[in-house]
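Good morning, everyone, and thank you for coming. Today I would like to walk you slowly through one structure, with attention to the ligand and what surrounds it.

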Amino acid sequence: MAKLTRLGQQIWTNYHKTAACNVKERLEIANGEESGGRAYLKSVAETVLELLKEAKQYNIPVRPIGAGWSPAPINIVEDGWLVETLRLNRTFKLDADAVHPDCEIPPEALLLVQCGATVDEVYESAEQLGRSLRTGGASNGQSFAGACATGTHGSVWKSGGIQDHVRAVQLVTPERIFWIAPDKAVLSDEFITQTGSEIIRDDRIFAACQVHVGAMGFITALLIETDPIYMVQNIQKATKIEREHIDWLCRGEFTKFSREFGLNEEPYFQQIILNPFDPFGKNALLRFLYKRPFNPDIKPPTPSQMGAGYDALTLLGNLMAESEFFKAEILQVAMERGYPKDQDVDDPERIATWGNTTEEHTPIANLFNGSVTIERSLLSEAFDLIIDSFRKGGGGTVVTLRFVHKAQGLLAPARWEDNVVIDFDGPNVESSHSGYKKVVEALDDAGVPFTRHWGKTNNLDERRVKRDYEQDYANWRWAQAQVMPDPAERQVFANDELVKLGLI
Ligand SMILES: Cc1cc2nc3c(=O)[nH]c(=O)nc-3n(C[C@H](O)[C@H](O)[C@H](O)COP(=O)(O)OP(=O)(O)OC[C@H]3O[C@@H](n4cnc5c(N)ncnc54)[C@H](O)[C@@H]3O)c2cc1C
């Protein structure tokens, strides 16, 4: 059987120390000594089922957590059981008989991932099989189930979020164990039975589980689809951009933008970090990744030579500890201080696999991150409004632009055909919060529709979630009631934040 270790009552603080709770019991779940993937999945799911049944019987809220990275308080629980999953980190290749005869995905593209496997561990397993993920966030320490929970994304403009890789989810409720998959079958009936599960094949319920926000049950495993392995070339530079370039990005003219600042080809990924005090007068930090065929003879550069760690939080991390707020000049120094100067178009080529483009984050105390996602075609008209409001609100930290295609999952924040995500990453001080609030108010006043990241500071509540997601919210709640029809089951997953969001 899977091992459940009870670690007692304690104060638990999330990874970046933005939220804490007094838990009745902290528990850790780990694999037992089973033989074969199906036995592992069955044993873990049955152990979780027993735990959830007990929790329901005694009205104890349960909070499964991955890496605990979300700064939003969705991963804490007062007076409940907090279940750590990072040791459920195995990945398995599928045998031919595990795949349903109707499934059109080649079996070699499918990978079974336990919920607690970190994004980095999944990258590594996939690469060993000659496969790769299509997209991911700026770092790789999140658990796969936790990253999907909030619709974690990067800036691969033709892809959505990390949850887009998911093809089926093993979900445990206080009453049952399910594999949830789309209408078109993926996993064989035999596999489902041997993992101790029942099957639900339903497009809507599946789409609800893709971005589950921790309120759909306890996810124990996921089936993901990978791409054939590829490499990417990294180009980075600090340079001034002009307003006209924002218009190009707004229109999706990424090749034109790349020709101006990077290589004369379509980029696979591009990210722009701006100083909101003077976005066109001071250097912006640009990062491009270009797709390349896999070549085993290429000696991989270090992750930092591939641009890992050149996200806003890492760049500002050290200074954030020293300074409560940033002024234009300090911010610019912080932005450029650690940014490489040797990765421009004429510098030695930095080429590595996708998995080499990110790395883990060390905990950053006192962190703020918030974002808004808008339809990309509104970027030009909303740009000044966003930058000016953030600055006027006192928000003296960098602004990052990332580009994402419509993501899968009913509650995916990237819900338009093409999206731009505008991140505000910096110190957890009043000015960051007030700057972010000003942006949100200004967008509302101007009638610009937008969504917010579930895992970051977002000031959301039930009324707003309903308004942002409309029918998709109603469908999500319907799906939740299909897998957990009894309100007492749903109550097991209640915490203050999820209740406030109207998700329990
Ligand atoms: C340094 C840093 C960098 C980041 N970079 C990005 C980025 O580039 N792009 C982006 O979009 N986001 C980014 N984020 C946000 C981050 O990706 C999300 O918050 C993600 O959800 C965290 O994953 P986790 O494993 O830590 O989940 P947790 O915070 O542990 O959990 C998230 C939610 O999922 C639930 N949950 C976790 N595991 C399970 C399970 N097995 N079953 C059911 N529910 C579960 C939790 O209870 C919680 O409600 C970043 C955050 C930080 C701190």
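Before we begin, a word on naming: helices and strands here are DSSP runs, with at least four residues for a helix and at least two for a strand, and they are numbered from the N terminus. Please also keep in mind that this is a predicted model.

With that in hand, which element gives the most to the shell around the ligand? That is α3, which contributes 5 residues. The shell as a whole counts 36 residues, and the closest of them are R63, P64, W69, A138 and G146. If we sort the shell by class, we find 14 nonpolar, 19 polar and 3 charged residues.

Let us turn to individual contacts, where a polar side-chain atom of H453 is 2.8 Å from an oxygen atom of the ligand, while an N or O atom in the side chain of N75 lies 2.9 Å from a ligand oxygen. For I74, a polar backbone atom is 3.0 Å from an oxygen atom of the ligand. The protein covers 99% of the 980 Å² of accessible area that the ligand has on its own.

Where, then, does the ligand sit? Its place is the largest cavity, and because domain 1 (3–228 + 477–500) and domain 2 (230–452) both give residues to the shell, the ligand lies between them.

Definitions and conventions
Residues are numbered from 1 along each chain as its sequence is written. This is a predicted model: local features need pLDDT of at least 70, side-chain atom pairs count only at pLDDT 80 or more; totals for chains, interfaces and linings use all residues. Side-chain values use heavy atoms; hydrogens and water are left out. A residue is near a molecule or strand if one of its heavy atoms lies within 4 Å of it. A polar contact is a pair of N or O atoms within 3.5 Å; within protein, one must be able to donate a hydrogen and the other to accept it, and residues adjacent in sequence count only if both atoms are side-chain atoms. Accessible areas come from the Shrake-Rupley method with a 1.4 Å probe; for residues, only the protein chains shown count as cover. On a 1 Å grid over the protein atoms alone, a cavity is a set of points where a 1.4 Å probe fits but cannot get out, and a pocket is an open set with protein on both sides within 12 Å along at least five of seven lines; lining residues have an atom within 4 Å of a point. A molecule sits in a cavity or pocket if more than half of its atoms lie within 2 Å of its grid points. Ala, Val, Leu, Ile, Met, Phe, Trp, Tyr, Cys and Pro count as nonpolar, Asp, Glu, Lys and Arg as charged, and the others, Gly among them, as polar. Domain bounds come from an automatic or database domain assignment.
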